[in-house]
Amino acid sequence: MEKKYGVYLCKGCGIGEAVDLEKLKTRAALKGKVPADIIKEHQVLCSPEGLELIKNDIKEGTNTLIIGACSPRVKTDEFDFPGAITERVNLREFVAWTAEPMSDDAQSIANDYMVMGIIKAQKGDLPEPSILPDLSTALLVVGGGAAGLSAALEAANAGYQVVLVEKEAELGGWGAKLYKETPRSHPFEKLEEPKIFDKIKEVEAHQNIKVFKSSVIEKTDGQPGLLDVTIGKNGSSETVKVGAVIMATGWKPYDASKLEHLGYGKPNVITNVQMEEMAKKGKITRPSDGKEAKKVAFIQCAGSRDANHLPYCSSFCCATSLKQAKYVREKSDDAIAMIFYKDIRTPGQTELFYKSMQNDPGVLLTKAEVTGISDAPNGNLYVEADNTLLGEKIKVEADLVVLATGIVPSTRAPQEYLDGLTEAGKKGDEAKKVYLESTPKPEFILNLAYKQGPEIPTLENAYGFADSGFICFQYETRRTGIYAAGCVKQPMTMADAAEDAAGAALKAIQCVEHVAKGIAVHPRAWDITFPDPLMIKCTSCKRCTEECPFSAIEEDEKGTPFYKLNRCRRCGTCMGACPERIVSFKDFSVDMVGTMIKSIEVDEDEFRIIVLACENDAYPALDSAAIKRIKLNPKVRIIPVRCLGSMNLVWVSDGFSRGIDGMMLLGCKYGENYQCHFIKGSELANYRFSKVKETLDKLQLESDRCQLVQVAINEYDKLPEMINDFVERVEEIGPNPFKEF
Amino acid sequence: MADATVVKPDLDFVKGVIAAGGESLKKCYQCATCTVVCNVTPDKNPFPRKEMLWAQWGLKEKFQGNPDVWLCHQCNDCTAYCPRGAKPGEVLGAIRKQTIKQYSAPGALVDIVNKKALMPLIFIIPAVLLAVLLSAAGTFKIHEGDVIFSKFASTHFLQFVFTPVLLFGIAVGVMGMRKFWADMKQTNKVYSGDLMASVTATLKDIAGHKKFKECDVSADRFTSHFLVFYGFVAAAIATAIGVLYIDILGLESPFRIGYGTPVKIFGNIGAIGIIVGVILMMSNRFKNAEKLGVGSYFDWLLLSIIAIVGISGFLAQLLRMVSVAPIAYPVYFIHLVFVFSLFLYLPFSKLAHMFYRGAAICFNKYSGREVK
Amino acid sequence: MADKKKVLVIGGGFSGLTAAVETAEAGSDVVIVEKTAFLGGRVAQLNKYFPKLCPPNCGLEINFKRIKNNADITIYTLAEVESISGQEGNFNVTVKLHPRFVNDKCTACNACNEVCPVEMPNEFNYGLDKTKAAYINHNQTFPFTYVIDGKHCKGKACAKCVEVCKYDAIDLDMKPETVSLNVAAIVLATGWESYDISKLDNLGGGRIKNVITNMQMERLASQNGPTGGKILRPSDGKEPKNIAFVQCAGSRDENHLPYCSYICCMASLKQATYLREQYPDSKVSIFYIDMRTPGRYEQFYWKVKDDPGVTLTKGKVAKITEDTKTGDVELVVEDVLANNRITEKYDMVVLAAGMVPSTKDSKIPGEISYTHEGFVVPAFLKKGMFAVGSLKSPVDVARSVQDATGVAIKTIQSSRR
């Protein structure tokens, strides 16, 4: 595309009163190397008249627009010109609202931003999507329990082909093993018949769903839209092609054999799963002598909420025990069910179920810390407890004890195995070999043929749950196109799992629809740009394949990286990682930002600091400070980046070699509760910054001139102060000695 | 865990409390709102939350010698604020009933006041007994001429019949109270205290209706109970003076027609107090019914007996004044029957609270628990 | 998938936004109808999320960005659904648009706000401060266009804002309008309100100045709140150093809300961290019936419990009184496990007020069944209509998001049938 430029300056919202526009024009034309006559100004550019001005130029052939007005976060509908490269320069928030009007500083800031905007437009290009051929829109659902069945049905009913793989011989999972279900609907009082069987029938009869039972996934290869899934069944294998995956492989009960302190192992101590089986068979009896159980004790949190076992709450056991107490009471009116709880957790409307169960004369409840189970006469047991409502230390006789065991996600075992492997790997090849030989390999779920491992990476301290870690975005995944649902993700009830599964199915659909159009998925779900490497210069250093948060880059036999583009989320981490600077997007590249940095005017006796700001949080925070008219330090120049992960170290030398005195990175919080939607952007940037120290030291530059600050979007009040602090520190160090060159 | 207390749930006890008017018992989820809003509970080991739990678990031995259920005046503040509708006020009432049962003998009389089906017996037994005795005295008929009740039942007859009944009631009550006292001492492991001072303080509390004033939700209970209580006191004093006049001083009855003695006026004021008080009690129960419940059978039985005693007595007097013999004598007979019931069932009915509550309040002082 | 039918989302809170954006990104046209002047609902009023303690505005910003980048989403603010008729695939909906008195020319320069002489209680801050009648609710809001409150504005008699607006953006003559929509599916996402604590007479709600709600606490702790994020007690602006949280203030109480409001335990634990962080010498007491921190939230509970400045006591506070001289607040509670009734004084008390479905008081037109508590009964909804989040049962943001994303697939089923 041959570019025809148009530069527009808005005088509204105080810009006209803050900056001498004539000077700005002159400067922009000179340094931006554009003819002065294409720079136009308007009183209110976003007004219909102002927009008319731009649109008329577009009619005349202008196709590259640089708009010096307000923040790109606002007036997005007005300044939307399809087909034209549009670069918005934030003169309002970053100059008019935050700098001293008509000061040299204000003028200088405006000059720099306008020039950078022009350079960005010059270096950029209009993106076109990359669409891979032969895409599949079919979905793979792994797991045929409550969540899996729901996901399959929802997707199939929305018109998508579904392949459902279930490890067991029958569909239904735990839901099919229940005697009754806890009430799901108003008035939340009556136990309900398990609904799972209707769903199984529906799934098995659905024309859009193909079911594989007694099957496991041997291998998942490829990328969203083009996933080749090898399904193994009775020794034979079949490969199906799907576009996206819903992982609903559920949970396992916590291993009760670890609960010896709660009496497991004694004949009359059973788990809630065994209780369900027994109730389903008809009678509630004691295993030791088959006598009908009349005094049944339920021990809540058997394993759950216990630092030595499961340090989380399994969410459904309270309601389950209340339900099972009902079984006991239904079978015999002189039977009692005693529930020993830490807290009764029946959130939301489930409280109404608790209320109704509580009202049964034979259901007795107390808060208690159960300390042990001991033998009582006649094969009975004593439940021993501390800190109960009934007294400090008590024991109660029971003829049957039910342990309300919790859940362990099916992802936990593979995760632990893989974590162990990584640990061993760190110790060297020998340790790794020993580990592989000595550790039994658990059942893997997806068996991804991905560079970064065969399963979805789980969060730190998530105990194996494949949770997203984001409150707002429950399906943010580190493996594009693969979405977890149900208890594999969080402990939840079956009803919740069904809802969750519908959500995961939707995300899978979005994924296949987006790859079909060459658009990224969340969080840049509008982006049609993609990383386009100049492979000729690749040295196969593999930093990109290691640092890509989404395992979107594979290596061929020779070790040369190549993209699985549909896994890519367009964060630019590869661009930041690459020491050869070969990765570029149409509207974002190492050269582009580098040139922008180099264009910044550096005065000999002036300090100049560059701030690279994450556009998701830091940039809006800076905008917000501006909206509150908090002054920004005039020595800084802010450049937004997709993610700090895209920060390439060459920018540091670009800046310092040009006399920049300091460089500040504003990124999201990292660590355990990281807030980066590209997982590790700011952490990686910080890591790279630590490496740059050596370079700076070599240049005899103080490494304190570079700093990363973690900032959240709501910290806009403090942000200008944080910047001031950094500027002060740099001023203390003194000017960049390269300035004079 | 050698020192662990063995807890023995008793489903029958639970069902018993439920049947005795505590049907909301199981709704309690131990939030302790009741304990907080209660204006009469001590801070240390307060009630009624713990009693609710004991009752839910059927731990009947916990109620042996428990003064707290009796410290409750059933003002129903707890019930008003209970988030679960568990009505601790009613439940404690039901537990108190169970306690009365436990401490009072003979059991047959306990059953009569507790079982709705046996209700007629409450009136039939005294009615038959009185009828037989009056017939034996030859006065069981409608007498001609001016209505003079002593013709129907002579002063001596009344003394000979009613004094033993009253003494029986009091004796049974006092015996129960002593057993209860002993249990309280044992359960709470209190062996010494200033008994006389506690008794005096207790009597002061009762005389001043101190506890009633502390209620929030049904504060008007102070008035009604005050009226009934002092109504009975006045009636008792008037009766005693009557006995003094007739039997000791050998004077004419101070209650005879057309003779407005202060004693008679005093007695009448008492009667009016009883009637107004009991009507207030009843109307209060309806007024707060939605929130607090109308109360149990056991409550209503006593209220009804008192109401009938008061009204029939007053009516008999009016009928005597206007000399309508055919109605006056039957009404008088009804009055006698119900007074008889009141005395006979004194330690078995809800009226037994005078023994147990009195003892509990006293014990609370005696054991030093009341001190805040 | 013949012609593209629209999906209507009623409510622009986080559930509604999620349902809308997820639906649109799966390829359908979406219309959002929001009652107030801005999107974001309750989430916009929160300081931080539990358990991550990250700012909710981050997620809102991303969702707003998704909306800005998506041509398939139409937004009506100050809009109320007046009628719904028809059936799945063909619902006819009329929407009343209340005047904003500010048009799209607004640049959010704040000039109108500066001159506006009218001050009114700031609803966004639950009445903790005042705002002008020409305002935006916070500085990261969306749409980023001012609004003039029709009820409080003095109208053309004043018109100072009109004079000062350089952009011709204020039109005090703006009239209500009605728009008709034809949609294939409808998502009900009108969210929840905080329980009116003035109904809790024994807890001094609405009567005692230093007894506030958990939502008010969020506002006090928020940078964009009435105190700029500094937690100060309302009566005298004193720094509260000794604070009590009263759980189940209204919830699990058949005199008020018989259900559990799900979020309050986690919310109070979270707010305890606000206080402990802001005032390291502060003491926080939390009084609860059952501590409800399901799933991995348990870890957060442990973390807060381990803080020596935080005490957790099982027992429901049922009596709160005010020391009128000092403004301090006295509460009575039974420490249930110790079987001991305690009376304690605090600088400030936070009532963990429960969630009330918005449909308790303002019903959505159309044939919709509600429970006595005002929740929508999903089983009785017409085909093609879906309720999300707290309209069905109290839930937190995470579960609302799951639910709203799940509902998006159902709207697609409806619009493609």
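Two strands are taken to pair if DSSP finds at least two bridges between them. The exercises below apply this to a predicted model.

**Exercise 1.** Determine how many bridges join strand 19 of chain A to strand 1 of chain B, and which strands stand at the edges of the sheet that holds them.

*Solution.* Begin with the bridges: three of them join strand 19 (residues 391-398) of chain A to strand 1 of chain B, and the two strands run parallel. Since the criterion asks for at least two bridges, the three found here satisfy it, so the two strands pair. Within this pairing, A:V396 stands opposite B:V7.

Next, place the pair in its sheet, which is open, has four strands in the order 17(A)-18(A)-19(A)-1(B), and shows mixed pairing. The edges are held by strand 17 (369-375) of chain A and strand 1 (5-7) of chain B; each has a single partner strand, so one side of each is left without a neighbour in the sheet. Neighbouring strands of this sheet are turned by 30° against each other on average, direction ignored.

**Exercise 2.** Describe the contact of chain C with chain A, stating how many residues each chain gives and which helix of chain C gives the most.

*Solution.* Start with the residues and the area: 79 residues from chain C meet 95 residues from chain A, and about 7200 Å² is buried between the two chains, with carbon and sulfur atoms giving 55%. Of the area that chain C buries against chain A, 11% is supplied by C:K52, C:R296 and C:Q402, more than any other three residues.

Then turn to the polar terms, which comprise 13 salt bridges and 43 residue pairs in polar contact. One of the salt bridges links the side chains of C:R296 and A:D467, at 2.8 Å from N to O. As for the helices, helix 8 of chain C gives the most to the side that touches chain A, with 14 residues. By class, this side of chain C has 35 nonpolar, 21 polar and 23 charged residues.

**Exercise 3.** Work out which residues of chain C supply 34% of the area that it buries against chain B, and which salt bridge involves one of them.

*Solution.* Here 19 residues of chain C are in contact with 24 residues of chain B, and about 1900 Å² is buried, 41% of it on carbon and sulfur atoms. The three residues sought are C:E334, C:N339 and C:R341.

Two salt bridges cross this interface; in one, C:E334 joins B:R49, with the closest N and O atoms 2.7 Å apart. The largest share of the side of chain C that touches chain B, three residues, comes from strand 18 of chain C.

Key
Residues are numbered from 1 along each chain as its sequence is written. Chains are lettered from A and ligands numbered from 1 in the order in which they are written. This is a predicted model: local features need pLDDT of at least 70, side-chain atom pairs count only at pLDDT 80 or more; totals for chains, interfaces and linings use all residues. Side-chain values use heavy atoms; hydrogens and water are left out. Axes are lines fitted to C-alpha atoms, for helices over the stretch in contact, and angles run from 0 to 180 degrees between N-to-C directions. Contact means heavy atoms within 4.5 Å. Buried area is the accessible area (1.4 Å probe) that two parts lose on being put together, summed over both. A salt bridge is a side-chain nitrogen of Lys or Arg within 4 Å of a carboxyl oxygen of Asp or Glu. A polar contact is a pair of N or O atoms within 3.5 Å; within protein, one must be able to donate a hydrogen and the other to accept it, and residues adjacent in sequence count only if both atoms are side-chain atoms. Ala, Val, Leu, Ile, Met, Phe, Trp, Tyr, Cys and Pro count as nonpolar, Asp, Glu, Lys and Arg as charged, and the others, Gly among them, as polar.
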